[in-house]
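Student: I'm new to this one. Can we go through it together, with the reasons behind the labels?

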Amino acid sequence: MKLAVIREGKALLYIPDTRPAVDPLRGSLEPAWLQVFYNPSMELNRDLSVQFLNAYAAERSPLRSAIDVLAGTGVRGLRYLLEVGGLERAVLNDIDEEALKLIKANINLNSLGDRAVASNRDANALLYTISHELGGAYDIVDLDPFGSPAPFISAAISVASRGGVLAATATDLAVLGGSKRLAAKRKYWLDNPPGPTRGYREVALRVLLGFIAREAASHDKAVRPLFSVSVGHYARVFVTFDKGSQKAYRSLENNMGCIRVKNGVALMQNGLPSDSCYGPIWTGPLWDKEIVDRMLNDAKARKYEYQGCYADAFKVLSLIEEELSLQEFPHQRLDELCSEAKHNMPALSVIRARLTSQGYRFSRTHLSPIGFRTDAPPDAILEACKSS
C-alpha cells in the first residue's frame, strides 16, 4: 500500500495514497475505495468532536479513557489523545488487518505507544468484552461507521461509563430522513414512516436520538443529549446517560413522539406516531446550553485555531447557539412553506422581520441556509410567507 503523510489537527498521519480513489467522472475522492478508510471531508466532524469533549470535560467531569470503535487509520482516537485535555488512554480498533497495521504505524508516528492500544476485533465483540479484558468502562465511546451506527449502539451503551459520552455518526441520512421507508423501519424501528420532509437533517438527528434512547432504556439508562450536528453527508450526536429504570421510563414518556408536515409547516408532537406522523423520534432537547456556550467561547478565544476547519466550526457553533433557545420547535424550510403557499420565496430576513414584529421569536439554524426556528403558530408562519 502506497502511503502519504498528512497533518490533521495535532496529529501526524500515514494515510493511503488517495489518487487511486478519485472518481474519474466526478473528480471527487471516494473514501470507500481506499485500502484503509480515511475521509478528509469528515475533518470538521472531528474538529467539533474535540471541541465538544473539551467543553464537556470542563463543565461536567474529567474524561480519562476513550475507545474509537471503528478507527480506520486511527485519526479520531489519536486526535483525542493529543487534543482532549486529561485523556490518558485510548483503544483504537478496526477489524481490517491493513487498518491495524496503519493504526500501529500512526501510534508510533505520534509517540503515543504508552497511551494508545491498537485492536483488531469485531466491533460488537470488543465492546461487550472490553471492560473485562482491559478493565473498567470507558468515558468516551465513539462510533463513526460507514453508514448506520444502529448495529453497534446497544454494545456501545453497555461499555459507557457513568457520566461518560457516547458519540455516534450516521451517514445514512436518506434512511433516517424517511426516503428509504423499509430500511428506516428495519434499522431504526420507525412505524409507518411517510415520505421524507425537506427538513430531513433534523428528522435524522431526532430519529437517531430516539433509537439511542430506546436502546438505552433496555439497559435501564436514560439518555441526555448534549450536542447534535448535521452538516455535509452525516448526522452526529453526543449523549450521556442517567442510570435508573424509572429515569429511563420518564425519559421515553416525556421526550418521544413524532413529526409531521401540515401545509408546509413542520410540527412535533409527543405520543405514538400515526400514519401521518413520522416516528417514533426524540422530541426533547438537542443541545446543552452550557456546553455550547463553552464551545463557542473557546472558539472565540481562538483556542482551536490550529484546526483545519476552524472557520467552518465557528460558523456552525454560532448558528447552533442562536437556535438552541428554540430547540423545542422543529426548524421550518422556507422553500417548503412558500411552495405550499404558492408564493415567491422572500429573503429569510423578511420572514424574521414579519414574525418578530408580531412578538414571536425567530432564529436561523445550522441545518439549512433557508431554514429557521420560531415559536409562531402555523397560521402566522404561513401568513409571513404569503405577505407581499
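**Why the labels fit**

Tutor: Sure, and keep in mind that this is a predicted model. Let's begin with a pocket: the lining residues of the second largest one split into seven nonpolar, six polar and four charged.

Student: How much space lies in that second largest pocket, and which residues are closest to its centre?

Tutor: About 240 Å³. Its lining has 17 residues, and Lys 315, Leu 319, Thr 365, His 366 and Pro 369 are the closest to the centre. Strand 8 (221-231), helix 11 (310-323), strand 14 (362-365) and strand 15 (368-374) each give two or more residues to that lining. Helix 11 provides the largest share, with four residues.

Student: What makes Lys 315 a lining residue?

Tutor: A lining residue has an atom within 4 Å of a point of the pocket. Lys 315 is listed among the residues that line this pocket.

Student: Two of those strands, 14 and 15, came up together. Which sheet has them, and which are its edge strands?

Tutor: They belong to an open sheet of three strands in the order 13-15-14, with antiparallel pairing. The edge strands are strand 13 (332-333) and strand 14, as each pairs on one side only.

Student: How do you know that strand 13 and strand 15 pair?

Tutor: The cut-off is at least two bridges between two strands. Strand 13 and strand 15 have two bridges, in the antiparallel sense, so they count as a pair. At Arg 333, the bridge partner in strand 15 is Gly 371.

Student: What about parallel pairing? Which strands does strand 3 pair with?

Tutor: Strand 3 pairs with strand 4 (residues 89-93) over four bridges, in the parallel sense. It also pairs with strand 6 (residues 138-143), again parallel, over three bridges. To find the spots in the model, look for Ala 66 opposite Ala 90 in strand 4, and for Ile 67 with its bridge partner Val 141 in strand 6.

Student: And what holds such strands together?

Tutor: Strands of a sheet pair through backbone hydrogen bonds, either parallel or antiparallel.

Student: Why is strand 3 said to be covered on both faces?

Tutor: Look at each side of strand 3 (residues 65-68): Ser 65 and Ile 67 are on one, Ala 66 and Asp 68 on the other, and all are buried. Buried here means under 20% relative accessible area.

Student: How does the chain get from strand 3 to strand 4?

Tutor: The chain goes through helix 2 (residues 75-83), and this β-α-β crossover is right-handed.

Student: On to the aromatic rings. Why is the pair of Phe 52 and Phe 238 called tilted?

Tutor: Stacked needs planes under 30 degrees apart, edge-to-face over 60, and the rest are tilted. Phe 52 and Phe 238 have 35 degrees between the planes, so tilted is the label that fits. They also pass the 6.5 Å cut-off for a pair, with 4.3 Å centre to centre. A search of the whole structure finds nine aromatic pairs.

Student: What does this pair tie together?

Tutor: Phe 52 lies in helix 1 (residues 43-59) and Phe 238 in strand 9 (residues 234-243), so the pair ties together parts that are 186 residues apart in sequence. Phe 52, Tyr 56, Phe 227 and Phe 238 form one aromatic cluster.

Student: How do you know that Phe 52 and Phe 238 are buried?

Tutor: The limit is under 20%. Phe 52 is at 0% relative accessibility and Phe 238 at 1%, so both count as buried.

Student: What makes Asp 220 and Arg 302 stand out in their phi values?

Tutor: Most residues other than glycine have a negative phi, and most peptide bonds are trans. Asp 220 has a positive phi, near 60 degrees, and Arg 302 has a positive one of about 60 degrees. Asp 220 is in the loop between helix 8 (200-218) and strand 8, while Arg 302 is in the loop between helix 10 (289-300) and helix 11.

Student: Why are they called partly exposed?

Tutor: Buried is under 20% and exposed over 50%, with partly exposed in between. Asp 220 has 37% and Arg 302 has 47%, so both are in that middle range.

Student: Where is there a cis peptide bond?

Tutor: From Gly 279 to Pro 280, with omega near 5 degrees. Pro 280 lies in strand 12 (residues 278-282).

Conventions:
Residues numbered from 1 in each chain as written. Predicted model: local features only at pLDDT ≥ 70, side-chain atom pairs only at ≥ 80, totals over all residues. Heavy atoms only, no water. 1 Å grid on protein atoms, 1.4 Å probe; cavity = no way out; pocket = protein on both sides within 12 Å on 5 of 7 lines; lining within 4 Å. Points joined across faces, edges and corners; volume = space filled by probe spheres on them. Nonpolar A, V, L, I, M, F, W, Y, C, P; charged D, E, K, R; others polar. Buried < 20%, exposed > 50% of the residue type's maximum accessible area, 1.4 Å probe, protein only. Right-handed = clockwise from strand over helix to strand, strands pointing away. Phe/Tyr/Trp six-rings, centres within 6.5 Å; stacked < 30°, edge-to-face > 60°.
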